[in-house]
Amino acid sequence: MRSGRLNRVLLALAGLILLALGGSVLAVGLGVRPPAWWIHGGPHDVLLSHAERTHYRAADWWWPALIAALALLVLGALWWLTAILRRHRLAEIRVDTGDGAAAVLRARALESALAEEAATGSGVAHAQVRLRGRRKKPRARALLRLAPEVDPSTALADFTSGPLAHARASAGLAALPAEVRLGAVKHRAERVT
């Protein structure tokens with residue numbers, strides 16, 4: 001969730017900066033008088049003059065530094081793109097059948113079974129489970145909404161010894177690590193007289 005929010009903020013900032021720069025260049029090109037500190041002086045002005053473009057051409061460090069900076073920019077953009085496009089949710093789990101072959105279990109089926117069994121626990125009003133990780137080593141991420149009178153440690157112990165243990169055993173996994181978040185169900189305050 002945090003990386004999605006960070007991506008949206010970074011994309012919004014980059015978009016706003018590019019929109020402001022592009023709009024200001026367009027406005028100057030259409031004849032709007034820019035402030036004295038602005039990089040463009042008029043509609044026929046260029047971003048870099050011939051002298052500015054060729055100033056460092058004779059320096060030995062210029063071209064390697066420019067190429068290295070552009071390569072880092074391209075690698076950073078590719079890393080960000082692959083991070084955004086990577087699937088964060090597990091699609092299927094590989095289950096060892098014991099005869100040397102393997103079966104494929106849909107992760108959504110195991111998620112729903114885990115959530116349904118967790119929701120039947122005492123004091124659990126709502127349960128939501130997502131599986132992440134790799135096919136052979138999945139990780140569970142659970143959100144349990146508890147009734148106000150339930151002890152969180154009891155609910156956590158019930159979840160790990162019940163639904164989580166059953167899911168690990170039924171999928172034939174050696175381990176099924178889980179991150180469990182506990183929350184309370186919203187309720188009205190009780191009136192005290």
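Author: Helices are DSSP runs of H or I with at least four residues, strands are DSSP runs of E with at least two, and both are numbered from the N terminus. Just after helix 6, G172 takes a positive phi of about 70 degrees. This is a predicted model: local features need pLDDT of at least 70, side-chain atom pairs count only at pLDDT 80 or more, and totals for chains, interfaces and linings use all residues. Residues are numbered from 1 along each chain as its sequence is written, and side-chain values use heavy atoms, without hydrogens and water.

Reader: Why is T160 called partly exposed?

Author: Buried means under 20% relative accessible area, exposed means over 50%, and partly exposed lies in between (1.4 Å probe, protein chains only). T160 has 37% relative accessibility, so T160 counts as partly exposed. You will find T160 in helix 5, residues 152-161.

Reader: What makes the link between T160 and A157 a polar contact?

Author: A polar contact is a pair of N or O atoms within 3.5 Å; within protein, one must be able to donate a hydrogen and the other to accept it, and residues adjacent in sequence count only if both atoms are side-chain atoms. The side chain of T160 reaches the backbone oxygen of A157 at 3.1 Å, so the distance fits the cut-off.

Reader: Which elements do the buried residues of helix 6 pack against?

Author: Helix 6 covers residues 163-170, and its buried residues are P163, L164, A165 and A167. They pack against helix 4 (107-119), strand 4 (138-146), helix 5 and strand 5 (178-184).

Reader: How do you know that strand 3 and strand 4 pair?

Author: Two strands pair if DSSP finds at least two bridges between them. Nine bridges join strand 3 (residues 124-133) to strand 4, so these antiparallel strands pass the test. One of the facing couples is R130 and R141. The two strands form a hairpin, with four residues between them.

Reader: What about strand 4 and strand 5?

Author: Seven bridges join them, this time in the parallel sense. A140 has A178 of strand 5 as its bridge partner.

Reader: Which side chains of strand 4 are buried, and which are not?

Author: The side chains alternate along strand 4. P138, A140, A142, L144 and L146 point to one face and are buried, while R139, R141, L143 and R145 point to the other and are not.

Reader: Why is L81 called partly exposed?

Author: The relative accessible area of L81 is 44%, so the label is partly exposed. L81 belongs to helix 3, residues 62-85.

Technical notes
Contact = heavy atoms within 4.5 Å.
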